Amino acid sequence: MIMRDVTSDGRTPGVAGFLSRRRVLRLAGGGLALAALTAGAVGCDEDAVDVEEPGSAGGDAPGGDGGKEADGDGNGQAPEPLWTKPTSAETYGDNDELVAAGGVVIASGSPLAALDAATGGQKWSLPGGAVPGAPLLIGEDTLYLASSEYDGSVIGYHPASGKETWRSRLGKEYRQPRPIAVDGEQVYVIAEILEDDGSSRTNVIAALNSTTGRVAWKEQRDVGTEQNGIHAAVRGRHLVYTDFKKNLTVRDTSGGGQVWTHKTTKTNYGFFTVHQDLVVVPQGNVLQAFNLTDGKEKWTLEASDGALFREPAVLEDVLYVADSARAMRAVDPRTGKQLWKSEALADAGLQVPRQYVKAGDTLYGATDLDKQGGIIAMDARTGAVRWTFNDKTGDYHAWLVATDGKRVFALHGKKLHALPV
């Protein structure tokens with residue numbers, strides 16, 4: 001029996017009443033509209049970016065060019081980068097386009113290059129690179145990529161060496177399979193279903209065995225659902241994903257059957273987070289948690305003064321989320337109880353982070369665009385701002401952040417920085 005997703009003809013509204021360039025680029029879902037969109041962007045000549053020497057890209061706070069320690073110089077200045085390298089990055093602002101694993105850091109691009117996390121030296125590269133708009137997925141010491149040859153393959157590589165270790169294909173009747181999530185047993189992909197004339201009006205979601213590459217199951221989705229713009233996560237027997245049709249869907253990983261689906265109002269372009277048996281979704285000024293097993297609401301948290309919740313993240317059993325009024329919160333993801341609320345971002349005139357990583361007692365947030373953006377280091381226990389890092393290029397790309405626990409990696413346009421933690 002075919003299990004189906006609920007669809008909607010509704011338009012995804014913009015946060016705070018407008019679409020940022022990052023949102024538009026992601027909606028392009030592969031860069032089809034990229035040239036037209038960026039032609040008139042202010043400061044978007046990414047080929048004109050010069051690589052600065054470490055220490056020349058300081059924080060936003062006044063008082064110098066940057067400190068020398070991970071905590072800055074004690075006056076709000078960012079630490080000096082350990083290294084800064086140019087990259088071939090081609091990113092669209094999704095959080096899974098920069099990864100750190102196996103002693104290397106990799107930014108989505110063509111060619112796809114893995115840099116030594118400690119030195120920034122190139123360890124290996126793939127000439128074909130990553131498919132634009134497709135995520136870099138790490139699971140069980142394997143990097144999963146959609147084939148850049150567009151031959152219907154999904155390929156696994158060893159992150160440290162770049163050697164191919166796994167390959168799978170759905171079949172000739174499917175086009176452009178893209179991995180969306182991975183667990184210890186399966187790789188989950190979405191692909192277009194080809195018609196006799198070579199066109200496609202529908203797509204399929206499928207699971208590939210991560211050992212043998214064989215198709216474990218596949219389920220056709222409704223006409224009108226999109227294969228681009230998917231955000232997904234796996235917890236136990238539940239595969240959770242969203243798309244731009246304002247759906248939140250949960251499937252059983254053992255057979256692909258749909259467990260439940262909810263219509264959402266404002267999901268911040270599909271972003272959500274999961275913790276144990278809950279999925280947490282921002283919907284306008286309300287943050288909602290649903291049980292993965294049955295879709296029942298577990299708790300809600302409401303923002304004050306009509307502020308809209310932005311992208312959430314659960315790190316070390318704490319939910320971090322900011323809102324459009326630039327208030328930052330730490331929340332117990334099991335109960336929805338607020339642990340602390342900070343106005344430090346607003347007080348400092350900083351942008352709201354849209355991606356987070358944590359190392360030690362510091363929370364690192366990556367924002368959208370310059371000039372009041374960059375990497376913001378916050379005290380994970382209070383939300384106080386410790387320092388900000390900005391490379392001062394004015395590049396229109398969103399910042400991306402990743403960590404290996406020893407360093408924090410900040411990607412901005414075609415510049416990759418390694419910061420001490």
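These legends accompany close-up views of a predicted model.

**Figure 1. The whole chain is built from three helices and 32 strands.** The chain has 421 residues, and 57% of them count as buried. Contacts between residues at least 6 apart in sequence were also sorted by separation. Of these, 46% join residues at least 24 apart.

**Figure 2. The largest nonpolar core holds 16 residues.** Six members touch the most other members: Y320, M328, L345, Y356, L363 and M378. Four strands each give two or more residues to this core: β22 (313-315), β23 (318-322), β24 (328-331) and β28 (375-379). Which of them gives the largest share? Strand β23 does, with three residues. In soluble globular proteins, nonpolar side chains tend to be buried together.

**Figure 3. M378 is one of the core residues that touch the most other members.** This view shows its contacts, leaving aside neighbours within four places in sequence. M378 meets M328, L345, Y356 and L363, among others. Those four residues are also on the list of core members with the most contacts to other members. The partners of M378 also include P353, D361, T362 and G365. Further along the chain, M378 is in contact with G383, A384, V385 and R386.

**Figure 4. The largest pocket encloses about 1,400 Å³ of space.** Its lining has 47 residues. Which residues lie nearest the centre? They are N95, D96, L137, A232 and A233. Strand β14 (residues 231-235) gives the largest share of the lining, five residues. By class, the lining has 28 nonpolar, 12 polar and seven charged residues.

**Figure 5. The second largest cavity has a volume of about 50 Å³.** The model has three cavities of 30 Å³ or more. This one is lined by V131, A146, S147, Y150, D151, G152, S153, Q176, P177 and R178. Three lining residues, the largest share, come from strand β10 (residues 174-182). The lining divides into four nonpolar, four polar and two charged residues.

**Figure 6. T119 sits in the loop between β4 (112-116) and β5 (122-126).** Its side chain has a polar atom 3.2 Å from the backbone nitrogen of G121. T119 also reaches residues farther off in sequence. Not counting residues up to four places away, T119 touches W83 and K85. How far apart in space are T119 and L82? Their C-alpha atoms are 7.9 Å apart, although 37 residues separate them in sequence.

**Figure 7. The peptide bond from S110 to P111 is cis.** Its omega is near 0 degrees. P111 lies in the loop between β3 (104-107) and β4. Most peptide bonds are trans.

**Figure 8. D141 and D305 have positive phi values.** Most residues other than glycine have a negative phi. Phi of D141 is near 60 degrees. This residue, D141, is in the loop between β6 (137-139) and β7 (142-146). Phi of D305 is about 60 degrees. D305 is found in the loop between β21 (297-302) and β22. Are these residues buried or exposed? D141 counts as exposed because its relative accessible area is 64%, and the cut-off is over 50%. D305 is exposed too, at 80% relative accessibility.

**Figure 9. H417 lies in strand β32 (residues 415-420).** Is H417 buried or exposed? H417 is buried, because its relative accessible area is 1% and the cut-off is under 20%. The side chain of H417 makes a polar contact with the side chain of T84, at 3.0 Å. Beyond residues up to four places away in sequence, H417 touches W83 and T84. Its other partners are F389, D391, W399, V408, F409 and A410. W83 links this view with Figure 6, as W83 is also touched by T119.

Key. Residues are numbered from 1 along each chain as its sequence is written. This is a predicted model: local features need pLDDT of at least 70, side-chain atom pairs count only at pLDDT 80 or more; totals for chains, interfaces and linings use all residues. Side-chain values use heavy atoms; hydrogens and water are left out. A nonpolar core is a set of buried Ala, Val, Leu, Ile, Met, Phe, Trp, Tyr and Cys residues joined through side-chain atoms within 4.5 Å. Buried means under 20% relative accessible area, exposed over 50%, partly exposed in between (1.4 Å probe, protein chains only). Contact means heavy atoms within 4.5 Å. On a 1 Å grid over the protein atoms alone, a cavity is a set of points where a 1.4 Å probe fits but cannot get out, and a pocket is an open set with protein on both sides within 12 Å along at least five of seven lines; lining residues have an atom within 4 Å of a point. Grid points are joined across faces, edges and corners, and a volume is the space filled by probe spheres set on the points. Ala, Val, Leu, Ile, Met, Phe, Trp, Tyr, Cys and Pro count as nonpolar, Asp, Glu, Lys and Arg as charged, and the others, Gly among them, as polar. A polar contact is a pair of N or O atoms within 3.5 Å; within protein, one must be able to donate a hydrogen and the other to accept it, and residues adjacent in sequence count only if both atoms are side-chain atoms.
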